[in-house]
Amino acid sequence: MNPVAILPVLLVIFAGGMIAVQAPTNAMLAKAGGSPVLAALVSFAVGTIALFAAWLAGGNKPPAASFAGLPWYAWMGGLYGATYVAVAAYAAPKIGLASLITIGIAGQIAMALWLDHIGALGLPREPVSLGRLLGAALVVAGVVLVRRS
């Protein structure tokens, strides 16, 4: 593997591990507060503070005009994340963490294949191929194995 590509891969592995830790900690918040939506709100508030501090420390201060030409859907990323966090806080205690993560990954791969196929949201178009479909099928098979075991 290209040495330049190692750092992003390691960071993605780390971030993926943090998603696994996030679901049960948010489930604890949901149980204490009686609401997965409240748990997601607390989670995002803490995340917002952390990201704000990291942004301030980074020194990148683009002018507000940089955002003026963005399409409406460019602002929706937080909504997708909030949906996942609230659903995960609700579902993790009911279906288990491994099932939550594998089912979520299956959903991510299905959506990624479709978005790549149509070249959505500024992504380069990458048509669905037999190899990509087989890879997705293996993930679905993994979901089935995790759920049945």
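**Pockets, a cavity and five helices**

The largest pocket in this structure has a volume of about 300 Å³, and I would like to start there and work outwards. Please keep in mind that this is a predicted model, in which local features need pLDDT of at least 70 and side-chain atom pairs count only at pLDDT 80 or more, while totals for chains, interfaces and linings use all residues. Residues are numbered from 1 along each chain as its sequence is written, and side-chain values use heavy atoms, with hydrogens and water left out.

A word on the terms before we go on. Rolling a probe the size of a water molecule over the atoms shows where empty space is left. On a 1 Å grid over the protein atoms alone, a cavity is a set of points where a 1.4 Å probe fits but cannot get out, whereas a pocket is an open set with protein on both sides within 12 Å along at least five of seven lines, and a lining residue has an atom within 4 Å of a point. Grid points are joined across faces, edges and corners, and the volume is the space filled by probe spheres set on those points.

So which residues line the largest pocket? They are Ile19, Gln22, Tyr80, Gly81, Thr83, Tyr84, Val85, Val87, Gln108 and Leu121. The elements that contribute two or more residues to this lining are α1 (3–33) and α3 (77–95), and α3 gives the most, with six residues. Helices here are DSSP runs of H or I with at least four residues, strands are runs of E with at least two, and both are numbered from the N terminus. By class, the lining has six nonpolar, four polar and no charged residues, where Ala, Val, Leu, Ile, Met, Phe, Trp, Tyr, Cys and Pro count as nonpolar, Asp, Glu, Lys and Arg as charged, and the others, Gly among them, as polar.

Leu121, one of those lining residues, deserves a moment of its own. Leu121 sits in the loop between α4 (97–118) and α5 (130–148), and its phi is near 55°, a positive value in a residue other than glycine. Is Leu121 buried or exposed? Leu121 is exposed, because its relative accessible area is 58% and exposed means over 50%, with buried under 20% and partly exposed in between, using a 1.4 Å probe and protein chains only.

The second largest pocket holds about 200 Å³ of space, and its lining consists of Gln22, Ser43, Phe44, Gly47, Thr48 and Leu51. Here helix α2 (residues 36–58) gives the most, with five residues, and the classes come to two nonpolar, four polar and no charged residues.

Turning to enclosed space, the structure holds one cavity of 30 Å³ or more, and the largest cavity has a volume of about 30 Å³. Ile19, Gln22, Ala23, Asn26, Tyr84, Val85, Ala88 and Ala89 line that cavity, with α1 and α3 as the elements that give two or more residues. Its lining divides into six nonpolar, two polar and no charged residues.

Asn26, which is part of that cavity lining, lies in helix α1 and counts as buried at 5% relative accessibility. Leaving out residues up to four places away in sequence, Asn26 touches Ala39, Ser43, Val85 and Ala89, a contact being heavy atoms within 4.5 Å.

Ser99, in helix α4, is likewise buried, at 5% relative accessibility. Apart from its neighbours within four places in sequence, Ser99 is in contact with Val146 and Arg147. Arg148, in helix α5, is by contrast exposed, with a relative accessible area of 75%. The C-alpha atoms of Arg148 and Ser99 are separated by 9.6 Å, although these residues lie 49 residues apart along the chain.

Let me finish with the whole chain. It has five helices and zero strands, and its C-alpha atoms fill a box of roughly 50 × 45 × 35 Å along the principal axes. Of its 149 residues, 16% are buried. Among contacts with a separation of 6 or more, 55% are between residues 24 or more positions apart.

As for confidence, pLDDT is the predictor's confidence in each residue, from 0 to 100. The mean pLDDT of the chain is 91, and 99% of its residues reach 70 or more; among the elements, α5 has the lowest mean, 89, and α2 the highest, 94. Where pLDDT is low, the predicted coordinates should not be read in detail.
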